[in-house]
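Biologist: Could you take me through one part of this model up close? I'm new to this, so please keep it relaxed.

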Amino acid sequence: MTPLTESAIRAAFVNCTKGEVTRLAVPNDLPERPWSDLDFLGWRDPGAPERAYLVAESAGELVGVALRVASQTGRVRRSMCSLCLTTHTGDGVSLMTARKAGREGRQGNSVGAYICTDLACSLYLRGKRNAGRRIDESITLTEKVERTTSHLAAFLAKVVG
Ligand SMILES: [Zn+2]
């Protein structure tokens, strides 16, 4: 994806109040992010483990969503990311919930998805990060990226409403 600036990132959020957008923790290492290998930018707030953020291009526009990371309760735990379909061992996948944009969000509606806990889907797809278990698929990287991008677009569409 195209490298993003902090101001472009802050301007992209669709499910935050102005105050939340001002306060949210944008990564301070943006220039070092592996942009050419990223299909979207995702990060966890280092100071607030329950907060995660995701910014992606969707239909030519930049869309950012704030996510709440459900704490891991053990027991029934999904191990496959619903975006990139990477299968993880351990705590590699978390349930993340996004408040919906606009009126629906103010009424308390949200959308959830199981996503790689470190939001590094793009790097798992490219074999740049190891999930501990590898499932060989017969489809190409381009197809995997397209599949992930379409899953992400569907998730973002639900958040935007
Ligand atoms: Zn993933």
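Which residues form one aromatic cluster?

Modeller: Sure, and keep in mind that this is a predicted model. The aromatic cluster is formed by Phe13, Trp43 and Tyr53. A search of the whole structure turns up three aromatic pairs. Take phenylalanine 13 and tryptophan 43 to begin with: their ring centres sit 6.4 Å apart and the planes are at 90°, so this pair is edge-to-face. Now look at where the two come from. Phenylalanine 13 is in the loop between α1 (6-12) and α2 (18-23), while tryptophan 43 belongs to strand β1 (residues 41-45), so their pairing ties together parts that are 30 residues apart in sequence. Phenylalanine 13 and tryptophan 43 are both buried.

Phenylalanine 13 also pairs with tyrosine 53, again edge-to-face, with 5.8 Å from centre to centre and 90° between the planes. Here the loop between α1 and α2, home of phenylalanine 13, meets strand β2 (residues 48-58), home of tyrosine 53, so the pair ties together parts that are 40 residues apart in sequence.

How hidden are these rings? Buried means under 20% relative accessible area. Phenylalanine 13 has a relative accessible area of 9%, so it counts as buried. Tyrosine 53 is at 4% relative accessibility, so that one is buried too. So when you click through the cluster, pick out Phe13, Trp43 and Tyr53 together, and follow phenylalanine 13 to tryptophan 43 and then to tyrosine 53.

Technical notes
Residues are numbered from 1 along each chain as its sequence is written. This is a predicted model: local features need pLDDT of at least 70, side-chain atom pairs count only at pLDDT 80 or more; totals for chains, interfaces and linings use all residues. Side-chain values use heavy atoms; hydrogens and water are left out. Rings of Phe, Tyr and Trp (its six-membered ring) pair if their centres lie within 6.5 Å; planes under 30 degrees apart count as stacked, over 60 as edge-to-face and the rest as tilted. Helices (H or I, at least four residues) and strands (E, at least two) are DSSP runs, numbered from the N terminus. Buried means under 20% relative accessible area, exposed over 50%, partly exposed in between (1.4 Å probe, protein chains only).
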